[in-house]
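Dear colleague,

I am handing over the structure we spoke about, and I would be grateful if you could look through it alongside the notes that come after it.

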Amino acid sequence: MIRKTKTLMLILLLTPSLAVAAAAEEPGGFNMPYGVTPTSHDVYDMHMLLFWVCTVIGALVFAVMIWSLVFHRRARGAVAAKFSGHTRLEIVWTAIPALILVAVAIPATRVLLAVNAHPHPYVTVDIHGSQWKWHYSYPDQGIAYYSNLKADSRKASREHSGISPATVPYYLRDVDHPLVLPVGKDVRLRITGDDVIHSWWVPQLGFKRDAIPGFINRADIVIDKPGIYRGQCAELCGAGHGFMPIVVKAVSPAEFLAWVTQSKKAEAAEHESEQGPWTRQLAMTQGKKIFDSVCAACHQLNGKGIPGVFPALDGSKIVNGPLAGHIKFVVHGSPRNPVMRPFGKEMNNRQLAAVLTYERNSWSNHTGDLVTPEEVEKAR
Amino acid sequence: MSETAEAVMGGEGHAAPLHGWRRWLFTTNHKDIGTLYLVFSLIMLFAGGILAMIIRAELFEPGLQLVQPLFYNSLVTMHGLTMIFLAIMPALVGLANWQIPMMIGAPDMALPRINNWSFWLLPFAFVLMWAGFLTPQGAPNAGWTFYAPLSTTYAPPSMDFLIFAIHIMGISSIMGGINIIVTIFNLRAPGMKMIDMPLFVWTWLITAFLLVFAMPVLAGAATMVLFDRHFGTSFFNAAGGGDPVLFQHIFWFFGHPEVYIMILPAFGVISEIVPTFSRKPLFGRVSMIYAVGAIAFMSAMVWAHHMFAVGLPVSAQIFFMYTTMLIAVPTGIKVFNWVATMWRGALTFETPMLWAVSFIFLFTIGGLSGLMLADVPADYQYQDTYFVVAHLHYVLVTGSLFGIIGAVYYWLPKWTGHMYNDRISKWHFWLSVISVNVTFFPMHFAGLAGMPRRIPDYALQFADYNMVSSIGAFVFGLSQLLFVWVIIQAIRGGAPAGERPWDGAKGLEWTLSSPPPHHSFPTPPSDELVHREGPHGYE
């Protein structure tokens, strides 16, 4: 009986290392994804090399130990030997691990240098981590937009939502506007943070890089294969840390160019509509668009916020109060809570007027105000 | 003989022994203070454990069921801080207090009043740290690493409580470290050479130097955060010309020695237990001492391996990759030597040995995943995922905590004078060792599959791992109640332990009665006794 328990103990202690060996390869399985960039392939190979080195070392050490545990028991009549050292053996087991480490360090250094090479980019994207969404801009193409968690995930994740996450496609891993990149071309990502430190990570691309305010981190990648690749923020960045996914849509260069043309056309059309006479209808349409991409990460699409964490705008005293106070709050930010930052710095007067109008006339708010760009300008 | 000597010690400026609460508040006795440390850390283990249970309950399935995201961040933060600063570290100091004077043949610690103060600071640090839960904006929520600017501009007011709690705990640790250094250097039995000191004493000596070296750095980082928050400085604020990454450099310059502060004394414990139950001298004990020294020295040169994703220069990444890999060599030596100690021994598996053997297995798994994390390109993927969570819990729970529990089971008969309940202690072991693996092993997979740390809700492909982890965690948490039961039973009574309850045990502590006299060695043990109980006593 006692022997049985002890055998059981050995099996239990060993199971973990066996389980790793059975690891599968597909993303979302047991193991790191092989990925779709040369970097990710190198990283995967490095990971597997390390895994096997560690497994073999672990297996050897555990084998010797288990041998002792089984055969050198007093219950089996073992008598303790007297030795307490063996210089040659100790030199050997200092030298061999050191040599193994050198053998691992050489390919690691090679991969590291390759990953940090900087070829001339075909397209550059500026990535800003922002509480709690990503902002992508293509400086050479003149395209810029926010990428937010999809509304259905947001709704389902809420406490007592009554919606099962299992019914939501790509729960917490889907966005309204993905990052579009061409395959087979050098892409440069310049990553920074607007407020706190975030980290941009898509496992299939093979790296993560922190988005740090005041720093611009560079990552150069080439994507091999068209497809949709998903990831999320990897550095604790506050209440919405678990809710800022990343979706990369990799398309052929031709499709990418088509997307650029189309996006620019759409942006131009939008710009034109924005130029029209300032009407309530225009302000509401434009305001909703801005609110959904910039404000909803905290205040939620239904304006109800999250009790105890993010204030509701629906029925809020500030939103339904005097206009001047509301404008000041949005343009200059909250005097007490840095998460409500001064949006006057990142939006123009028309955009601010639109979003203010939208907030004052949505949900159960019926102030009837049409905020004008001039009123915003006065508050600056 | 010992009674008269004690009377002399008691008469020289010592007040009559106090009773009731005043005995514990005013005590300058190393055993009483050791007990206070150990009981306090056990309570903190449950406090931090309850936070972990809430975390695991929230992560049991996708969606938010129990807590709001911001409160979840507070749970993660407070769990880490409580376990590190209020559970593991005080427990190790408690072991040092009880054992070091007995193991080196001293009457008490060298600085008894400082000893008292070091302990009594801790409950205040606890109150200050946890008071944040009562504030309207909640407890600190920037992670136990409290990275700026999340801890400066964006943190709730309770961050200031945390900063002062860190200062208080730092003072406590530094004084504790100094006390241990002074005690070991000055109060050793005359016949005990430095090189012949027990491994537990050696590991603690080196740890104490690390404490005195590292804790002021943490205090500095915390003070700079305080100044950024309230006094208009911009140490970590890029908008003011500061550098958010500087915080991480300073923090990890403390933080990496800190992880060795938490593991080295556990190495010492294992180096005491394994020879006892193998009935064989520790293999290569001098190289073990050098290995600990090398680990401690190198621990101050590896800090940036926590920061491979921040965009350091490639040359820096290579440097820290090499130094981190190098630290695996002395760590490997330790494991090999423990295995060689068991080789051709006469092994028995009493409860302390079970914990020690599982420590060697599971710490090795944590060490090997650490080796994988050292590799920069691979770390671009591992960093900030559950793979790291798995790694750090393998070295901290199945490493430090298992070492501490093993030590308690090893020395509890000495401390209480009673043998504990063998059957329950074995149940405690088996339930713990199975459930701890059920909890933490799947986290490797969750991390490799792409799950980041510190998120309150997750995508569906991580659901299975999390459910398994949560079940394991609940069993592990509940199993620890058995530990409390065993300890309370042993304090209240049981079969007399005798001087030397373990037949293979060597060391001066086993020459004292169980429980030992108030002042362990009022007169130094004879050279002959020191020799017989030392490393050369086997011949």
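Below are some notes on a sheet in one chain and a helix pair in another.

This is a predicted model, in which local features need pLDDT of at least 70 and side-chain atom pairs count only at pLDDT 80 or more, while totals for chains, interfaces and linings use all residues. Residues are numbered from 1 along each chain as its sequence is written, and chains are lettered from A and ligands numbered from 1 in the order in which they are written.

In chain A, five strands (DSSP runs of E, at least two residues, numbered from the N terminus) make up an open sheet with mixed pairing, in the order β3-β2-β1-β5-β8, where pairing requires at least two DSSP bridges between two strands. Its edges are β3 (143-147) and β8 (217-222) of chain A, each of which pairs on one side only. Within chain A, β1 (residues 123-130) runs parallel to β5 (residues 186-193), the two being joined by seven bridges, and V123(A) stands opposite V187(A) in β5(A).

In chain B, the axes of helices α14 (residues 386-416) and α15 (residues 422-448) come within 7 Å and cross at roughly 165°; helices here are DSSP runs of H or I of at least four residues, and axes are lines fitted to C-alpha atoms over the stretch in contact, with angles from 0 to 180 degrees between N-to-C directions. The helices α14(B) and α15(B) are therefore roughly antiparallel, the term for angles over 145 degrees.

Best regards

Key. Parallel < 35°, antiparallel > 145°, perpendicular 65-115°, else oblique.
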